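Work through the exercises below with the chain open in a viewer. Each one has a worked solution.

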Amino acid sequence: MEAKATKITKYWRISRILEEFPDSVEVFMEYDLDCVGCSASSTERLIDGLKSHDYSDQTIDEIMQRLNQIANLQFQESLKDQSKLLKELKIQETDESFLIGDFEIHKSAFNAIIQSNKDKKIFEIKLQASGCSGFEYQLNFVEKANPSNQIFEIQDLKISLDYYTYEKSKGAKLYFKQDLIDSGLRIENPNQKTKCQCGKSIGF
């Protein structure tokens, strides 16, 4: 049976839409729907959120059309062998960084991750729908990677990366910011168009 694109309905939970179709954030932000970072998104249906903003039936239909265009585009993208594309990425080392394809990990960040990884866990880099500008990077140690992710081994460190995160992060650099008040891992992404004041959330 031929696979078909998933159709988003008005009765989906908002969190499900954001999780399954991260690019839907663009529509939420365009229509001033502040559901992205809201805790109610896990329980509120899309239609309830739209009605609470007093949108007309015509506007709701426009929003649904936009969301399903994104769902269809993501479906077309999924027809590619994403796991194969990730596996084909080469790891290179320079004097200052490690490169996974077009994603750069500065050695300042690499060393900080190694020092923090006492239990030899997998380091996961994930871009997800969240925050006031639409997206946030989640940098975490995990016991087990998602089966759809690719594991890259650099020396003693295993790094987990998914296709969506990589595609949105081409040309980006993970580095360690040394600051008296706010030290930590940061990602500088040249593809971002907006950034919130706190610096944690970005938009494309």
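The exercises concern a predicted model and go from the whole chain to one sheet.

**Exercise 1. Describe the overall make-up of the chain.**

Solution.
- Start with secondary structure: there are seven helices and 11 strands.
- Next take the dimensions: the C-alpha trace spans about 55 × 50 × 30 Å along its principal axes.
- Then turn to burial: of the 204 residues in the chain, 41% are buried, where buried means under 20% relative accessible area.
- Finish with the accessible surface: this is about 12200 Å², and carbon and sulfur atoms contribute 45% of it.

**Exercise 2. How many positive and negative side chains are there, and how far apart do the centres of the two sets lie?**

Solution.
- Count the charges: 27 side chains are positive and 33 are negative.
- Compare the centres: those of the two sets are 3 Å apart.

**Exercise 3. Work out the order of the six-stranded open sheet and find its edges.**

Solution.
- Write the order: β6-β7-β4-β5-β11-β10, with mixed pairing.
- Look at the ends: β6 (150-154) and β10 (194-195) each have a single partner strand, so one side of each lacks a neighbour in the sheet.
- Add the helix: α6 (residues 107-116) packs on the sheet and touches β4, β5, β6 and β7 (157-161). The direction of α6 makes about 110° with that of β7.

**Exercise 4. Do β4 and β5 run parallel or antiparallel, and how many bridges join them?**

Solution.
- Locate the strands: β4 covers residues 122-129 and β5 covers residues 135-142.
- Read the pairing: the two run antiparallel and are joined by eight bridges.
- Check one position: L127 stands opposite Y137 in β5.

Note on methods. Residues are numbered from 1 along each chain as its sequence is written. This is a predicted model: local features need pLDDT of at least 70, side-chain atom pairs count only at pLDDT 80 or more; totals for chains, interfaces and linings use all residues. Side-chain values use heavy atoms; hydrogens and water are left out. Two strands pair if DSSP finds at least two bridges between them. Helices (H or I, at least four residues) and strands (E, at least two) are DSSP runs, numbered from the N terminus. Contact means heavy atoms within 4.5 Å. Axes are lines fitted to C-alpha atoms, for helices over the stretch in contact, and angles run from 0 to 180 degrees between N-to-C directions. Buried means under 20% relative accessible area, exposed over 50%, partly exposed in between (1.4 Å probe, protein chains only). Accessible areas come from the Shrake-Rupley method with a 1.4 Å probe; for residues, only the protein chains shown count as cover. Lys and Arg count as positive and Asp and Glu as negative; His and the chain ends are not counted. The place of a charge is taken as NZ of Lys, CZ of Arg, CG of Asp or CD of Glu.
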